[in-house]
Amino acid sequence: MSWLDPQRSEEPSSDTALRLELRTLLGMKPRNYFESEPTPELIALADDLRREAKRRNHTARSRSHWMLMAAAVPLALAFGGVSLWGIAQKHKADDLSAAMEQQRAEITRLANSIKQPAAPNSTEAPQPQSLLAGRKIAPKAPKAKELVIPIEHPAGQIPQDTQQVKAH
């Protein structure tokens, strides 16, 4: 049976009478939590306290929504700023990729114009590829690894910003 079931909170009068009869048979006193009977003033005071608690509970709940929204404003601003920065970076990357594609197209266009054969009677300069084909470029020899990187200073030059203190 659920705790929210009204049969749990509101006991039938026959069950109450049976419980009272069993208590008297066992010799138990009837349960009285306050050791006194409630007076009409106490009942009115309890109703007033209940009403005040209900009013405070109602006003406190409406304030919590505003506080939650106020706490969410900095987060919303941070997320908005990060998204605007990301959108700006995306536009920048798109512009750079478009510029790279344009440069690639220009390079391929120039390469295609160079590859076309020149007329034999032309007085133009020789093609750059034919000049490079005749020259062989030797690969550079790797340098040996050293612990100290040597710095070459000309022996006869004194740096401009130094002053001579003592003559040898």
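The exercises below, each with a worked solution, concern a predicted model of a protein.

In this predicted model, local features need a pLDDT of at least 70, side-chain atom pairs count only at pLDDT 80 or more, and totals for chains, interfaces and linings use all residues. Residues are numbered from 1 along each chain as its sequence is written, and side-chain values use heavy atoms, with hydrogens and water left out.

**Exercise 1. Find how many helices and strands the protein has, and where the confidence is lowest and highest.**

Solution. Begin with the rule for counting: helices (H or I, at least four residues) and strands (E, at least two) are DSSP runs, numbered from the N terminus. With this rule the protein has 4 helices and 0 strands, and its pattern along the sequence reads α-α-α-α. Next, take the pLDDT, which is the predictor's confidence in each residue, from 0 to 100. The average for the protein is 79, and 67% of the residues score at least 70. Confidence is lowest in helix 4 (residues 128–134), with a mean of 55, and highest in helix 3, at 90.

**Exercise 2. Compare the expected span of helix 2 with the distance between its end C-alpha atoms.**

Solution. The expected span of a helix is 1.5 Å times one less than its number of residues. Helix 2 covers residues 13–26, and its 14 residues should therefore span 20 Å. The end C-alpha atoms of helix 2 are 20 Å apart, which agrees with the expected value. After helix 2 comes Gly27, whose phi is positive, near 85°.

**Exercise 3. Describe the nonpolar patch that includes Leu22.**

Solution. First state what may join a patch: residues need over 30% relative accessible area and no salt bridge, with like charges joined within 9 Å and nonpolar side chains (Val, Leu, Ile, Met, Phe, Trp, Tyr) within 5 Å. Accessible areas come from the Shrake-Rupley method with a 1.4 Å probe, and for residues only the protein chains shown count as cover. Leu18, Leu22 and Leu25 form such a patch on the surface, and together they have about 320 Å² of accessible area. Now classify Leu22, using the rule that buried means under 20% relative accessible area, exposed over 50%, and partly exposed in between. Leu22, which is found in helix 2, has a relative accessible area of 47% and is therefore partly exposed. For the protein as a whole, buried residues make up 1% of the 168 residues, while the accessible surface comes to about 17,400 Å², of which 63% belongs to carbon and sulfur atoms.

**Exercise 4. Examine the salt bridges of Asp47, Glu52 and Glu101, giving the partner and the distance for each.**

Solution. A salt bridge is a side-chain nitrogen of Lys or Arg within 4 Å of a carboxyl oxygen of Asp or Glu, and by this rule the count comes to 7 salt bridges.

- Asp47 pairs with Arg50, with the closest N and O atoms 2.7 Å apart. These two residues are 3 residues apart in helix 3 (residues 40–115), which means that about one helical turn separates them. Asp47 is partly exposed at 31%, whereas Arg50 is exposed at 54%.
- Glu52 meets Arg55 at 2.6 Å, N to O, and both lie in helix 3, 3 residues apart. Glu52 is partly exposed at 29%, and Arg55 is partly exposed at 45%.
- Glu101 pairs with Arg104, with the closest N and O atoms 2.9 Å apart. Glu101 is partly exposed at 47%, and Arg104 is partly exposed at 46%. Both lie in helix 3, about one turn of the helix apart.

Finally, look for shared partners: salt bridges of this kind join Glu52, Arg55 and Arg56 into one network.

Conventions: Buried < 20%, exposed > 50% of the residue type's maximum accessible area, 1.4 Å probe, protein only.
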